[in-house]
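Please work through the exercises below with the sequence and the coordinates open beside you. Each task is followed by a solution that proceeds step by step.

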Amino acid sequence: MDYPGLALRKAIIEEKPLQIPGVINAFAARMAERVGFRALYLSGAGVANTMALPDLGMTSLNDVLNEVEHITAVSALPLLVDADTGWGSPLNVRRSFSLLSKSGAAGAHIEDQQEFKRCGHRDGKHIVKTSEMIGRIKAALDGREHDSFVVMARTDAYSVEGEQRTLDRALAYQAAGADAIFVEAMPTLEQYKIFTQALSVPVLANITEFGKTPLFTKQQLASIGIGIILYPLSAFRAMNAAALKVFSALRQDGTQQAVVDLMQSRQELYQYLEYEKYEQELESYLQLMEKEYGN
């Protein structure tokens with residue numbers, strides 16, 4: 001059996017740092033795969049935002065699983081999933097990671113915010129005790145269906161507890177068995193470097209737009225030893241901006257003529273959908289039906 005976690009681990013080793021784009025649905029996943037990425041990401045904020053909800057822990061495990069199953073059905077790339085705080089007690093965390101690994105995901109990260117969480121780049125975050133987070137990590141490890149499934153620990157402690165306490169947490173999470181560490185909302189390369197030098201597991205840098213972390217380049221992050229670069233909602237934001245321009249043009253101009261250049265052509269859409277392949281398969285069934293059962 002081919003376990004998706006093995007593919008994610010292989011990509012982390014072979015592409016340094018591994019670039020992982022966020023995809024909000026199966027069609028976006030297919031486009032990202034065609035471009036040449038080696039792994040994909042499903043953002044918890046993205047799942048919430050597509051439901052017109054803020055990233056405040058308002059979505060359920062089932063909401064996330066639904067998108068995981070859609071994405072893994074159309075893309076062979078390993079999928080890293082945002083598991084937020086794990087949706088409850090350690091028993092819930094264990095169940096969540098069991099279901100995520102069964103759904104075809106390659107790995108998931110769990111964070112040390114309290115259950116009433118906020119976006120990692122917002123102020124006012126509340127952090128659980130290190131011991132509680134270690135319990136979440138242990139439960140996640142127990143829940144995964146195969147040891148290759150990547151259990152990543154995210155810490156949001158920097159803006160709450162400062163650099164040293166955050167480093168202490170990261171080291172404790174690594175010792176608890178986390179396969180990688182996600183250090184959220186770090187403002188400088190020098191601070192990221194402290195973590196990459198202290199930890200022996202891969203460190204993830206979340207390079208999200210309009211947040212607390214500058215848009216460091218792949219080369220800059222590689223130079224300080226970052227193992228994984230995340231772009232969680234870059235394409236989603238671009239899609240939204242283009243859609244708003246189209247809606248505005250339709251309403252104001254009464255035509256889409258001025259914004260057609262923003263659109264994917266019908267032929268490009270069909271290419272990503274493999275439309276012709278499906279048409280040919282349908283035609284073969286119709287011919288078979290006519291031959292075997294026609295009047």
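The exercises that follow concern a predicted model, and they move from the nonpolar cores to single residues and one helix.

**Exercise 1. Identify the residues with the most contacts inside the largest nonpolar core, and describe the surroundings of Ile-181.**

Step 1. The largest nonpolar core comprises 54 residues, and those with the most contacts inside it are Phe-97, Leu-100, Ile-181 and Leu-221.

Step 2. Leaving out residues up to four places away in sequence, Ile-181 touches Met-152, Ala-153, Ala-170, Tyr-173, Gln-174, Leu-199, Val-201, Pro-202, Val-203 and Leu-204.

Step 3. Apart from this core lies another one, of 16 residues, which includes Ile-20, Ala-180, Ile-228 and Leu-230.

**Exercise 2. Determine how strands E6 and E7 pair, and whether the faces of E7 are covered or open.**

Step 1. Strand E6, residues 180-183, pairs with E7 in the parallel sense over two bridges, and Ile-181 stands opposite Val-203 in E7.

Step 2. Strand E7, residues 203-206, is covered on both faces, since Val-203 and Ala-205 on one side and Leu-204 and Asn-206 on the other are all buried.

Step 3. For Leu-204, which belongs to strand E7, the relative accessibility is 0%, and because buried means under 20%, this residue counts as buried.

Step 4. Setting aside neighbours within four places in sequence, Leu-204 is in contact with Leu-80, Met-152, Ile-181, Phe-182, Val-183, Tyr-192, Ile-228 and Leu-230. Of these partners, Leu-230 is 26 residues from Leu-204 in sequence, while the C-alpha atoms of the two are 7.1 Å apart in space.

**Exercise 3. Classify the aromatic pair of Phe-97 and Phe-149, and locate its two members in the chain.**

Step 1. A search of the whole structure finds three aromatic pairs. One of them, formed by Phe-97 and Phe-149, has its ring centres 6.2 Å apart and an angle of 85° between the planes, and it is edge-to-face.

Step 2. The pair links distant parts of the chain, with Phe-97 in helix H5 (residues 90-102) and Phe-149 in the loop between helix H6 (130-143) and strand E5 (150-155), 52 residues apart.

Step 3. Both rings belong to buried residues, for Phe-97 has a relative accessible area of 0% and Phe-149 one of 3%.

Step 4. Rings also take part in arrangements with charged side chains: Arg-154 lies over the face of Phe-182, at 5.2 Å from the ring centre, and the charged end of Lys-277 sits over the ring of Tyr-278, 4.3 Å from its centre.

**Exercise 4. Establish where His-121 lies and which polar partners its side chain has.**

Step 1. His-121 is found in the loop between strand E4 (107-111) and H6, and with a relative accessible area of 13% His-121 is buried.

Step 2. Its side chain makes a polar contact with the side chain of Glu-184 at 3.1 Å, and a polar atom of the His-121 side chain lies 2.8 Å from the backbone nitrogen of Lys-212.

Step 3. Not counting residues up to four places away in sequence, the residues that His-121 touches are Glu-184, Ala-185, Asn-206, Thr-208, Gly-211, Lys-212 and Thr-213.

**Exercise 5. Describe the two ends of helix H2 and its buried residues.**

Step 1. The N-terminal end of H2 is capped by Asn-25, a side-chain oxygen of which lies 3.3 Å from the backbone nitrogen of Phe-27.

Step 2. Within H2 (residues 26-35), the residues Ala-26, Ala-28, Ala-29, Arg-30 and Ala-32 are buried, and what covers them includes E1, strand E2 (40-42), H4, helix H11 (234-253) and helix H12 (266-273).

Step 3. After H2 comes Gly-36, whose phi is positive, near 120°.

**Exercise 6. Compare the settings of Ala-52 and Trp-87, and find the cis peptide bond that precedes Pro-17.**

Step 1. Ala-52 has a phi near 60°, a positive value in a residue other than glycine; Ala-52 lies in the loop between helix H3 (44-50) and helix H4 (61-74) and, at 69% relative accessibility, counts as exposed.

Step 2. Trp-87 likewise has a positive phi, near 65°, and is placed in the loop between strand E3 (79-82) and H5, but Trp-87 is buried, with a relative accessible area of 18%.

Step 3. The peptide bond from Lys-16 to Pro-17 is cis, with omega near -5°, and Pro-17 is located in the loop between helix H1 (4-14) and strand E1 (18-21).

Definitions and conventions: Residues are numbered from 1 along each chain as its sequence is written. This is a predicted model: local features need pLDDT of at least 70, side-chain atom pairs count only at pLDDT 80 or more; totals for chains, interfaces and linings use all residues. Side-chain values use heavy atoms; hydrogens and water are left out. A nonpolar core is a set of buried Ala, Val, Leu, Ile, Met, Phe, Trp, Tyr and Cys residues joined through side-chain atoms within 4.5 Å. Buried means under 20% relative accessible area, exposed over 50%, partly exposed in between (1.4 Å probe, protein chains only). Contact means heavy atoms within 4.5 Å. Rings of Phe, Tyr and Trp (its six-membered ring) pair if their centres lie within 6.5 Å; planes under 30 degrees apart count as stacked, over 60 as edge-to-face and the rest as tilted. Helices (H or I, at least four residues) and strands (E, at least two) are DSSP runs, numbered from the N terminus. A charge sits over a ring if NZ of Lys or CZ of Arg is within 6 Å of the ring centre and within 35 degrees of the ring normal. A polar contact is a pair of N or O atoms within 3.5 Å; within protein, one must be able to donate a hydrogen and the other to accept it, and residues adjacent in sequence count only if both atoms are side-chain atoms. Two strands pair if DSSP finds at least two bridges between them.
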